[in-house]
Amino acid sequence: MWSFTGRMGSSWLPDFLTRFPDNYGTVPRAGSATALDTVRVSTRQLNDSLNSRFGNDIFTNGQLQDMQMSVSGGTSAIRYYVGGGYEENRGAERVNRLNRSNLRVNVSANPSPKLDVTSSLGYTIGRTYVPAESGAGGAVWGTLFASPTFLYGGVSVPSRNPNNPQLGFRSGPPNAYYEPNDIFQDADRFTGSFQFTNRPTSFFNHRFILGVDRLAENNENRTPRNDIIGATYAAFAGSGLPTAGTISASTRDVTYTTMDYLANAEFGVTSSLRSVTSVGGHLYLRRSRFHGISGITFPAAGLTSIASATIRNVSDDEVFENNTIGAFIQQQFAWNNRLFVTAAIRTDDNSAFGTNFDAVTYPKLSASYVLSEEPGLPIPSFVNQLRVRTAYGASGLQPGAFDAIRTYSASGGFLTPSSAGNPNLGPETSTALELGVDAGLWNDRVGVEFTYFNGKTRDAILSRQAPAS
């Protein structure tokens, strides 16, 4: 079966000509050497000046479009789904735009009544361009903090002639930000999973899951050399001489790999008591790499490679790995579908634990009793369901990848201690006790829940300044 979906729309800033406040400033009074007049600049004036100079409005109507297509089918033994799409969105600020493509493949197979195999793959790639806002300037910044001071006269030269190249905008007109700045983020993500489920007997089943999630992210802020912009607008002097442009890039590459195995054995101990015994194990791997580089002073306009910069710098180059392996066993009992008891214990070992710390063990115990199923209890007729429950368990927070080891920093050609480390470092552990009552009244038209919770955290992982020795 084929499927196609298309969507189109528009984004805009409603009534932007009247949305921003008018701004006031002073200019010299005609025929006077000392007197000043207070004048006003409105968003409409700013927009008219921008249109006259560059031929465009401050904000625009951005187009939104999204196209998705998929095909699915198969037989009772194997099913498939393949889908993909493309998305292109533009915002009300002209440089704000998104281009993104995606692909998804799902396959499930049932070679026999006792065996299921499923696989899923996903891939997304895209680039997002963002404007120079949030303190870096831009259309909103320049319009909101406009002033007659930036409209009349040259830079820092008061006059009644509207000849300031900033056109009244703070720092510069929006086009002055669009031309020298190129700020974007590339995101490349792949996800994949494989699951194998087997039911060899009526009382035993087990499954294995393998998963991968990888994100490669690239963030770039380009202000290449532009001598004309640098000489025209004081706020953009860095794009001209002597700085002659700057380009910075940072990358983040994170990969998660998970493996999980679970086996269940279910059988009846007696006609009223059923048992489910579960055992399993898991492996979690995380690898992160961060890289940051920058370059300044380009010998000529048009160069956008950091390799062509006169001064280059590597600001960040780090690799983090954090791995966890664990196993658990769990026992569940159900008596007459009224009383349910679960007990479990899990053991984890993490690569960030100190060398003197062994694996950690977490217990779990819970019980619930459906009192409304007991025929001998005097429960009012309007209470159709009544259950009491309790649970106790423990969990942990792993330390950072390098928290347990002694680290150093390089400075001036020498190594100096950075962190003392802790060979006895383990996880931050939390225990919790919960008590509760759940009730359904008048055929579940009204639900009532009461819960008491008490939690405690031990061995909190904190960074402390070591005293000077």
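**Exercise 1. In this predicted model, decide whether Leu415 is buried or exposed, and find where it sits.**

*Solution.* Start with the cut-off: a residue counts as exposed when its relative accessible area is over 50%. Leu415 has 65% relative accessibility, so it is exposed. Next, place it in the fold: Leu415 belongs to strand 17, residues 414-419. Finally, list its partners, leaving aside neighbours within four places in sequence: Leu415 is in contact with Tyr408, Ser409 and Ala410.

**Exercise 2. Check the length of helix 2 (residues 43-54), then work out where its buried residues point.**

*Solution.* Let's take the length to begin with. Helix 2 has 12 residues, and at 1.5 Å a residue it should span 16 Å. Its end C-alpha atoms are 16 Å apart, which agrees.

Now look for burial: Thr43, Leu46, Asn47 and Leu50 are buried in helix 2. These residues cover an arc of only 95 degrees around the axis, so they lie on the same side of helix 2. The general rule helps here: an α-helix has 3.6 residues a turn, so residues three or four places apart point the same way.

What do the buried residues of helix 2 pack against? Their partners are helix 1 (16-19), strand 3 (36-41), helix 3 (139-144) and helix 4 (174-178). Just after helix 2 comes Gly55, with a positive phi near 80 degrees.

**Exercise 3. Describe the largest nonpolar core and the surroundings of Phe59.**

*Solution.* The largest nonpolar core holds 17 residues, and Leu46, Ile58, Phe59 and Phe169 have the most contacts inside it. Strand 3 and helix 2 are the elements that give two or more residues to this core. Zoom in on Phe59: beyond its neighbours within four places in sequence, its contacts are Leu13, Phe16, Phe20, Ala92, Ala139 and Val140. There is also a second, separate core of 7 residues, including Ala176 and Phe236.

**Exercise 4. For the salt bridges of Glu87 and Arg127, name the partners and say which parts each pair ties together.**

*Solution.* A search of the whole structure finds 20 salt bridges. Glu87 pairs with Arg100, the closest N and O atoms being 2.8 Å apart. Glu87 lies in strand 5 and Arg100 in strand 6, so this pair ties together parts that are 13 residues apart in sequence. As for burial, Glu87 is buried at 17% relative accessibility, while Arg100 is partly exposed at 32%.

Turn to Arg127, whose partner is Asp186, with the closest N and O atoms 2.6 Å apart. Arg127 is in strand 7 and Asp186 in strand 8, so the parts joined are 59 residues apart in sequence.

Conventions. Residues numbered from 1 in each chain as written. Predicted model: local features only at pLDDT ≥ 70, side-chain atom pairs only at ≥ 80, totals over all residues. Heavy atoms only, no water. Helix = DSSP H or I, 4+ residues; strand = E, 2+ residues; numbered from the N terminus. Expected span 1.5 Å × (residues − 1). Buried < 20%, exposed > 50% of the residue type's maximum accessible area, 1.4 Å probe, protein only. Arc of directions from axis to C-beta. Contact = heavy atoms within 4.5 Å. Core = buried A, V, L, I, M, F, W, Y, C linked by side-chain atoms within 4.5 Å. Salt bridge = Lys/Arg side-chain N within 4 Å of Asp/Glu carboxyl O.
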